[in-house]
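This report looks at how the inside of a protein chain is packed, and at one strand in particular. Please keep the structure in view while reading.

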Amino acid sequence: MKFEQFLRQLGKGSKRLLSLAIQLSLTNPSGIILIDEIEQGLEPDRVQQVSSYLLNNHGVQVIMTTHSQHAVEELSCSNLYIKSLNSCELQSIDLELQGLVRKHPMALFAKSIIVAEGATEYGFIRGINEYRQSKGHKSLSFHGVVTVNGNGNECVKTTEHLVNLGYRVCLICDSDVSDVNNQKEYLRKLGANIYDCEDDMALESQIFKDCPWPTVIKLLDYRISCNQTSKGVFENIKLKLKTPIEYSDNWYVDENEDLRSAIRETSGNPKNPWFKKIGMGHDVSLIVMEDLEQLNSGSRLHQNISALSKWIEKK
């Protein structure tokens, strides 16, 4: 078989790899290779293998563009540069964002980024996205929005770096950590939108403060379903009650402001928060969103969800 016939029988990906091998051979032992969209014609695992190989192929300088998260995952922030539509210059990525790049590489390709303070907030935003779509709204990805987990106190630095890179950023966070609270005004001045809880409250506490009692009942039922017992949840809460009550099978059926306050304080306890997992945050979000119209429109939770929805859809 002639070489030309052989080439014609190759797939697009194989031709791409052969072309790259020829380029590397011609530039050996040193030179510059330009690659436009490294992922074209290659499966995700091939993109990762080629990116890793080029990164470690010393002596040859490689300049490539990509829209692939698989290429980004293999690279260090020191090898990555952002080119935004609003800037004529390439921008380097601070090494403090390396964890984000590994966990959420698609964020670099977004127009707008939601930084969720932790697992609860991250799951809560995922639930909002799912609920919005179930009601006929476009997804976050349609609007060019990506959500990232800010990993607790690291969310401040993450938000700062992303804003400085030119992204449109909002931060979803609690108000029970002074290190985060002290930086909020600074982040607002940078241009970030912040949707937080009332003073000294975690998201769990804000939810139990603002939701109508029928929703509180659903949330308690969900808490009990998470490898808990009704008696166990009650025993956890009763320590915070001002007026003690006796346990019964329907201890949380009737609305009680003292009980609401005790639930609010217990659920947001930083040492043992109730919904500190992504999946739990997601499930709680769906419960809240289903009853959103029953929330007081002046409550912090309703205001934040409404403002976030407008932020997502803003052109």
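A nonpolar core is a set of buried Ala, Val, Leu, Ile, Met, Phe, Trp, Tyr and Cys residues joined through side-chain atoms within 4.5 Å, where buried means under 20% relative accessible area, with a 1.4 Å probe and protein chains only. The model is predicted, so local features need pLDDT of at least 70 and side-chain atom pairs count only at pLDDT 80 or more, while totals for chains, interfaces and linings use all residues. Residues are numbered from 1 along each chain as its sequence is written, and side-chain values use heavy atoms, with hydrogens and water left out.

The largest nonpolar core has 46 residues, and those with the most contacts inside it are Ile-114 and Leu-308. Helix H11 gives the largest share of this core, six residues; helices (H or I, at least four residues) and strands (E, at least two) are DSSP runs, numbered from the N terminus. Apart from this core lies another, of 28 residues, including Cys-77 and Leu-187.

Ile-114 belongs to strand S5, residues 112-116, and both faces of this strand are covered. In a regular strand the side chains alternate between the two faces of the sheet. Strands pair if DSSP finds at least two bridges between them, and the table lists the partners of S5.

| Partner of S5 | Sense and bridges | Bridge partner of Ile-114 |
|---|---|---|
| S6 | parallel, five bridges | Thr-147 |
| S7 | parallel, five bridges | Cys-170 |

Among the residues that Ile-114 touches, with heavy atoms within 4.5 Å and not counting residues up to four places away in sequence, are Leu-308 and Trp-311.

Definitions and conventions:
Buried < 20%, exposed > 50% of the residue type's maximum accessible area, 1.4 Å probe, protein only.
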